[in-house]
Amino acid sequence: MHAMVNDQTSPQGSTESKKPVAPVTGAAAGGRKKGKPRGRPRSFDRETALEKALLAFWEHGYEATSVSDLTRVMDIGAPSLYAAFGDKRSLFDEVVQVYGVRYGSFADRALAEEPTARAAAGRTLREAATAYTEPGHPHGCLVVHAAANCSTPEVEQSLRERRNANIAAFERRISADVAAGVLPADTDAAALARHTGAMIQGMSQQARDGASREELEAVAEIAMTVWPRTGTHTG
């Protein structure tokens, strides 16, 4: 059984050799003919490695998570990380996308499925209380916390835009309810949407600080008392 041939090994059968050498056959010969790249082929599961990177960024933030931290938790070498995911920033961008789908989509679902902005906000806050305190992963929200103490402006800006987009989505929904008479005409849609965003972000920090699901659910119920219930129509 032939061992894997190293690219730096001198080729057998050199013209400088005085003794006849058997021709190279099998995997070694094939490897030379096809010019395979050096190094072992990637053997890790990409999705598993990506989830491990997500948890590391979620727990420690972007700045505090180094490439060596990532290779350690992902159990891969730096060349494999760069080949599979690009640089640290590219990996983080992919992590944020996966986080949004896997862990952070409850607000989007509430806005899409609930009949009113008020119902969507209440559901979002209640589900945040659960999502931010679930066992098995870091508490709080990655999009809220990953840019803490970050010296990379592009990362801070990207996460800020995501948070502001969430607030803007609530504002559009509130404005639509005002126009439809579900909420009073004098409702300040921008302020009410920003209040919802502030509650989501505050609950995330409270979860990081050890607040329980029940405690955050109580906060959510109090937060909803500032909402006007009806306009000219029941809503």
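These are my notebook entries on a helix pair, some aromatic rings and a nonpolar core in a predicted model.

**Entry 1: two helices**

I started with helix α7 (residues 117-131) and helix α9 (residues 153-179). Their axes come within 9 Å and cross at roughly 145°. I then looked up who makes the contact: α7 brings A117, R118, A120, A121 and T124, while α9 brings F170, R173, I174 and D177. Sorting these residues by type gave me five nonpolar, one polar and three charged.

**Entry 2: rings**

Next I turned to the aromatic side chains and found seven aromatic pairs. I picked Y62 and F92 for a longer look. How are their two rings arranged? Their centres are 5.0 Å apart and their planes stand at 65°; over 60 counts as edge-to-face, so that is what I wrote down for this pair. Y62 sits in the loop between α2 (46-60) and α3 (67-74), whereas F92 belongs to helix α5 (residues 88-102), so the pair ties together parts 30 residues apart in sequence.

Are Y62 and F92 buried or exposed? I found both of them buried. Ring pairs also bring in F57, giving a cluster of F57, Y62 and F92. One more neighbour went into my notes: K88 lies over the face of Y62, 4.4 Å from the ring centre.

**Entry 3: the core**

My last stop was the largest nonpolar core, which has 60 residues. Which members touch the most others? They are M74, L91, F92, Y132 and L142, so F92 from my ring entry turns up again.

I followed Y132 a little further. Setting aside its neighbours within four places in sequence, I listed its contacts as F106, H139, G140, C141, I200, M203, S204 and A207.

Technical notes
Residues numbered from 1 in each chain as written. Predicted model: local features only at pLDDT ≥ 70, side-chain atom pairs only at ≥ 80, totals over all residues. Heavy atoms only, no water. Axes fitted to C-alpha atoms, helices over the stretch in contact; angles between N-to-C directions. Helix = DSSP H or I, 4+ residues; strand = E, 2+ residues; numbered from the N terminus. Contact = heavy atoms within 4.5 Å. Nonpolar A, V, L, I, M, F, W, Y, C, P; charged D, E, K, R; others polar. Phe/Tyr/Trp six-rings, centres within 6.5 Å; stacked < 30°, edge-to-face > 60°. Buried < 20%, exposed > 50% of the residue type's maximum accessible area, 1.4 Å probe, protein only. Lys NZ or Arg CZ within 6 Å of the ring centre and 35° of its normal. Core = buried A, V, L, I, M, F, W, Y, C linked by side-chain atoms within 4.5 Å.
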